[in-house]
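Let's take a walk through this protein together, starting with its cysteines and ending with the chain as a whole. Keep the viewer open as you read.

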Amino acid sequence: MFDPDIAPSGTLLGLLQRGRGDGTLHALAAPRAEALAALNDSVLRDPRRDWQVENRSLYYARLYMQLDGGLEEIERHLFHPDDLVDTDEERTGLALAVLGHLAAYGRDAARLLLRSYAAAGSNWRWALDELALRDDDAGLMTLAPAVLARFPETEQGAAELAAAVRDAFEPRPWRLWAEDPRYGARLAVAGEQGSFDRWQRQLRPRGPRPGWSVTEVLAWAQQGLDLEPAEHRHLAAARCLSAVVGPEDRPELLRAARSGPDAARAAVLHHLAERGDPDVLDLIEDAATCPFSSEQLISAALTSFERMRSVAAVERARLWAPRADRLGASAAAMLARRGAQRDAELVLAALRRTVREEGPDAGGLWELVDGTGRLGVVCAAPVLRHVYRETSSSHLRGRAAAALAATDPGFAAGFAVECLWDCEETTRELAARHAATGDDRVVEQLRRLAADPAEEAEVQTAVRSRFAPDA
């Protein structure tokens, strides 16, 4: 049910790893040493299912401030010998982001630690980006010698420097250093090379050319699978088909969709689904349910179906939704997005089946959770509460909270209160609009969010709406 590195949801560590508001509340009530141990474990072993989109850094930074936690464990993690061999951003990114927020809160030790790591660490680009947002010009200037020394004055070093300048997420340090006579000439050349590289890529298109036929476009899509590594070109090929297909080409398209190679079939299914072809739903069903279909073809067929907007697609989804296979799951997701009130039972049945068979972190839950809220399925509240408590995805938890706000009369006095401390800003915004103010902690936290300069503007707008004269 849980990922091997995620603790049970009833423990302090499990709550903090999930970024739940109750994690902060329990940490503040627990012995300080125990709370700091769980906090450090969460920061140093990133628990997020998708570290690129889920938020934890501000959540953990606030708790460090409230516990007056030291940074010794983070320092040992950043400068551990593993940093020399494990250079992936996932190992240190969360810790660096937490330090960035702590620096913004005025923790000078966090700013100095970021400078030290930017000068010597393997993930120095991330540390430099954090400093670009929070450090002063003098502090950034002290880093120029160490950062530029990473790029030897050779042809390869110049190319790597040009790529670093071109791809910098925060360009402020590079622009600042370029104004210094000691580094200006070298960085000017690097900037020009980066612009030239982008221009060259634009001059070397590898896709279809004007004048290609349907046959040539489909052959080009299939050729992508023969490359190493393989290129999945079916979406690009489908866009090309929209430019070259005429009425006389429909028989060829139907033949390709029924018996062509996988990439060609995927491209044609996408093209026909976009245009609502009357035969496409049968073709999608054949591709998705055939035991000999490849994973790429099945995924492409289901994606093509999920993108359809027609009444016919919704009607077919009602027939497919009771199925216990991937086609049934895709159909239930469509009903969750576009179905009517009469589809509530089908959506609820799919939600219960998915949680029962695949657990609270199943990928198919996102649409189903949203659908129960959109359709106002009141009897879905128990399973939504289970998803809220147990999922390790903070985004899915936020969607479950939104669905509970529409289906559970007890949400305002229950989960909405803890959501004020949640790691996701969208969940905090939802809580700011719904949390019942009978609890003194709610009013205090609303005021704290309104005054916190690190808080998102949408959350603060929602908070102020609660304190308006007509609220």
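How many disulfides does the structure hold? The answer is zero. Bear in mind that this is a predicted model, so everything below is computed from predicted coordinates.

Two cysteines show how this comes about. Cys419 takes part in no disulfide, and the nearest cysteine sulfur, that of Cys423, lies 10 Å away. Seen from the other side, the closest cysteine sulfur to that of Cys423 is in Cys419, and 10 Å is too far for a bond. A disulfide is a covalent bond between the sulfur atoms of two cysteines. To be counted here, a pair of sulfur atoms has to be within 2.5 Å, so a separation of 10 Å does not qualify. As for their surroundings, Cys419 counts as buried, at 0% relative accessibility, and Cys423 is buried too, with a relative accessible area of 3%.

Now step back to the fold. The secondary structure of the chain consists of 30 helices and zero strands. Two of these helices make good stops on the tour.

Start with helix H7, which covers residues 89-104. How far apart are the end C-alpha atoms of this helix? They are 21 Å apart, which agrees with the 22 Å that 16 residues should span at 1.5 Å a residue. H7 is mostly covered, with 13 of its 16 residues buried. Just after the helix comes Gly106, which takes a positive phi of about 100 degrees.

Next, find helix H18, residues 262-274. Its 13 residues reach 18 Å from the first C-alpha to the last, close to the expected 18 Å. H18 is mostly covered as well: 11 of its 13 residues are buried. Among them are Arg265, His270 and His271, along with Val268, Leu269 and Leu272. What do the buried residues of H18 pack against? Their partners are helix H15 (214-223), helix H16 (234-244), helix H17 (250-259), helix H19 (280-289) and helix H20 (295-306). After H18 you will meet Gly276, whose phi is positive, near 60 degrees.

The loops deserve a look too. Asp68 sits in the loop between helix H4 (57-67) and helix H5 (72-78). Although Asp68 is not a glycine, it has a positive phi of about 55 degrees. Is Asp68 buried or exposed? At 56% relative accessibility, it counts as exposed, because the cut-off for that class is over 50%.

Leu143 is also a loop residue, placed between helix H10 (137-141) and helix H11 (144-148). Leu143, however, is buried, with a relative accessible area of 4%. Setting aside neighbours within four places in sequence, Leu143 is in contact with Arg115, Ala118, Ala119, Leu128, Leu131 and Trp177. One of these, Leu128, is 15 residues away along the chain, and its C-alpha atom is separated from that of Leu143 by 8.8 Å.

Finally, consider the whole chain. Its C-alpha atoms fill a box of roughly 70 × 65 × 45 Å along the principal axes. Of its 471 residues, 49% count as buried. Among contacts with a separation of 6 or more, 65% come from residues 24 or more positions apart. The accessible surface is about 22400 Å², and 53% of it belongs to carbon and sulfur atoms. The chain carries 57 positive and 73 negative charges, and the mean positions of the two sets are 3 Å apart.

Definitions and conventions: Residues numbered from 1 in each chain as written. Predicted model: local features only at pLDDT ≥ 70, side-chain atom pairs only at ≥ 80, totals over all residues. Heavy atoms only, no water. Helix = DSSP H or I, 4+ residues; strand = E, 2+ residues; numbered from the N terminus. Buried < 20%, exposed > 50% of the residue type's maximum accessible area, 1.4 Å probe, protein only. Contact = heavy atoms within 4.5 Å. Expected span 1.5 Å × (residues − 1). Areas by Shrake-Rupley, 256 points an atom, 1.4 Å probe, with all protein chains shown as cover. Lys, Arg positive; Asp, Glu negative; His and termini not counted. Charge placed at Lys NZ, Arg CZ, Asp CG, Glu CD.
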